[in-house]
Amino acid sequence: IACAATKPFGFQAFYPGPGVGGHCIPIDPNYLSFKVREELGRPFQMVELSQSINDSMPGYVADRVVRLLAADGVAVAGATVLLLGVTYKPDIGDSRESPTMPLAVRLRELGATVRFHDPYFPNWTVGGEVLERVADLTEALRGSDVTVLVQAHATYDLAELARQARRLLDTRGKVDVEAAGRPGVERL
């Protein structure tokens, strides 16, 4: 990506993330794929493969959380995981198709206690259970076995998150891992 970014025009960088959300990107390509199959009788492989990869990312993030916990000698069953940002993009109050939901569901299936913080949501429903946003973010960072930055809202002080969290997994590539200067801060 760094090499491609040296092109002086027509380049936009795309980095791996926890999945794709919103009201169109995770859904609309399915219509296009269906239409191609219907009219041409062939799969629209690029769209279908992209959709498959995007859909698998919350599971991949959950696997990374399990590995991070294991590196600290902590089992995921019984661990406390703090998810930061439940919206599908930064600085909005919309969680439609957010990858945070399947991530939270998977972590709960594995036995983790899932907590969350998002400045745009006072509560959030996961698997029929209403979770209250943690009241004190600093206390929640210190008290969680692992913190996952799922959405990098502008209100989050990323350097402070890196300092306060026991272990931080940045799924958006926004935290300066080298500047954090300590182990336990990783990017996806």
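**Notebook: largest pocket and the α1–α2 pair**

I looked up the largest pocket and found that it holds about 550 Å³ of space. I noted that 17 residues line this pocket, and that F14, Y15, P16, G17 and R172 are the closest to its centre. I recorded the character of the lining as 8 nonpolar, 4 polar and 5 charged residues. I kept in mind that the model is predicted.

I then turned to the helices. I located α1 at residues 28–40 and α2 at residues 45–71. I read an angle of about 145° between the two, with 9 Å separating their axes. I entered the crossing of α1 and α2 as left-handed.

I listed the residues that meet. From α1 they are P29, N30, L32, S33 and R37, and from α2 they are V47, E48 and Q51. I sorted the residues of this contact into 3 nonpolar, 3 polar and 2 charged.

I checked the length of α1. Its 13 residues, at 1.5 Å a residue, should span 18 Å, and this agrees with the 18 Å between its end C-alpha atoms. Finally, I looked just past α1, where G41 has a positive phi of about 70°.

Definitions and conventions: Residues numbered from 1 in each chain as written. Predicted model: local features only at pLDDT ≥ 70, side-chain atom pairs only at ≥ 80, totals over all residues. Heavy atoms only, no water. 1 Å grid on protein atoms, 1.4 Å probe; cavity = no way out; pocket = protein on both sides within 12 Å on 5 of 7 lines; lining within 4 Å. Points joined across faces, edges and corners; volume = space filled by probe spheres on them. Nonpolar A, V, L, I, M, F, W, Y, C, P; charged D, E, K, R; others polar. Axes fitted to C-alpha atoms, helices over the stretch in contact; angles between N-to-C directions. Helix = DSSP H or I, 4+ residues; strand = E, 2+ residues; numbered from the N terminus. Left-handed = near helix turned anticlockwise from the far one by under 90°. Contact = heavy atoms within 4.5 Å. Expected span 1.5 Å × (residues − 1).
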